[in-house]
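Me: Please take a close look at one pocket in this model. What lines it? Then add whatever else helps me find my way around.

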Amino acid sequence: MEYPVWVVPFLTAPMLIPLVAIPHVIVAQFAVGGGFLLADGVTWAYRHRRADILAYLRDLARFFVLLTIVFGAVTGVGIWWTIGLTAPESTSALIHVFVFGWATEWVVFVLEIVSAFAFYYLWDRLRPREHMAMGWIYAASAWLSLVLITGITSFMLTTGRWTPERDFFTAFFNPSFLPQVLIRTSGSLAIAALWIGVHLSFRAPEPLREEMVPRLSRWAMAGMALILVGGLGYFAVLPDHARLNMIRAPLLLIMTALNFGATLIALTAFGLGHLRGGRWINPPEALLMLLIGAVAITSGEFLREGARKPYRIEGYIFSPGVRVAEVPTLQRDGLIAHSPWLQRYLQENLGLPEEALRDPARLPEPLKVQVGEALYNYHCAACHALDGYNGMRPLIQPWTSEIIADAVRHLHRTNPAMPPWLGNEAEREALIAYLVTLQKGGP
Ligand code: HEC
């Protein structure tokens, strides 16, 4: 492990990622779906010479540009910070595998921002044809950036035929790429319709709401048809370990149920919007529907993240940040021998000379326990807080030290969401010594 670890109490470091990424996705998907809805809206308004609709859309575009560009850009950079600090080796791997993809994404992103600004700030100065074109250029570039990001995030769950020697395109067009593009595109249209529903409920007069809501609902329902196709494709290409996780882990089962439930409610609301228009949509209903859409996105993102264990990048990097190919070396030489930051920590904080680190099992008990604790932070803390998320203390509380030792020896068999043991025998003993001290009443 080439990087230091960041130990976050109660939550574990990787759980910081959804805290930033989920609000980002909820807004970023609005940025994509809203592009199509706005472009369609202005096209419709110009064709029918509807100044009232144009005036409303201008007001909407202001809210849209402010929210998606300011909040989207800030949280987008926030994601880079968070993944860089919590999962440096995977972030580095994604940068290396996808250099060309990131470069393309940044070009598309510039186009997205420029066209969004032109669409809003040049509202009166562009001729109708140019204005409509600007709206569609924005929509296309925002969607393209969704496609590019999806190629990269879907790779983490299904690497498919990719190996480190293979090219960019094998990684990009991985098995879950297409299903995820469908799911995200449709999710974008649906969440955008819900966001605009909120804006309409506050800012549009009733007759206009009456006209806009059925149109938005139809877009959203068309999108949701894609969710069905994408969702089936997605489950079909999930690796076995991911499917197993979803069945075994109670949290992931709850998330699946929430995801289906929220999606069904949203679909019903769009059906109502299509049939009955928008009179019933007042701020409380609209906000509630947006919240339900947010639940659907949140649960979907959790599923995608949770199903990946024990991998961060399927078949390539395990969750503690260790490459699968390195495991035999680590089991032979020890985790400490290949983790410069851990070595440094042990030498400076425990005053241990380098030779002692090669065989921590022979250290006196208190030192052995401290080495075990450091090993825990490197090997286990990415998935287990001591107390809190997947808490280690409550998990092992009822166990005897023999059961603990056995679980650590056969980590991957104890629960297939865990990687194999990533160190040598002596390190395993040190870790077990530490785990036993975590039990109430001590060893
Ligand atoms: C990739 C994530 C991950 C890593 C790394 C990881 N675990 Fe786990 N571990 C899990 C999950 C998920 C469970 C299932 C929790 C549950 O069932 O509530 C689990 C369960 C356990 C259990 C309870 C098993 C049971 O059958 O009840 C123990 C003990 C445990 N882990 C110890 C460890 C130790 C020690 C380490 C470090 C050497 C470690 N884990 C590293 C994800 C991980």
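Reply: **The pocket, then the iron**

The second largest pocket has a volume of about 810 Å³. That volume is the space filled by 1.4 Å probe spheres set on joined grid points. The model is predicted, so local features need pLDDT of at least 70 and side-chain atom pairs 80 or more, while totals for chains, interfaces and linings use all residues. Numbering runs from 1 along each chain, and side-chain values use heavy atoms, without hydrogens or water.

A pocket is an open set of points on a 1 Å grid, with protein on both sides within 12 Å along at least five of seven lines. Lining residues have an atom within 4 Å of a point. Here 31 residues form the lining. Nearest the centre lie Ile 183, Ile 227, Asn 259, Thr 263 and Ala 296. Four helices (DSSP runs of at least four residues) each supply at least two lining residues: H7 (177–203), H8 (206–237), H10 (250–276) and H11 (283–307).

Now the ligand's iron atom. Its protein donors (N, O or S within 2.8 Å) are His 384 through NE2 and Met 418 through SD. They lie 2.0 to 2.1 Å from the iron. The two residues are 34 apart in the chain. His 384 sits in the loop between H15 (365–379) and H16 (392–396). Met 418 sits in the loop between H18 (411–414) and H19 (425–438). Both are buried, with under 20% relative accessible area.

Why is the site octahedral? Its six donor atoms subtend angles of 84 to 178 degrees, which makes it so. The test asks for opposite donors over 155 degrees apart and all others between 65 and 115.

Terms used:
Donors are N, O and S atoms within 2.8 Å of the metal (3.2 Å for Na, K and Ca); water is not among the atoms, so sites may look incomplete. Four donors count as tetrahedral if all angles lie between 85 and 135 degrees; four count as square planar and six as octahedral if opposite donors are over 155 degrees apart and all others between 65 and 115; anything else is irregular. Buried means under 20% relative accessible area, exposed over 50%, partly exposed in between (1.4 Å probe, protein chains only).
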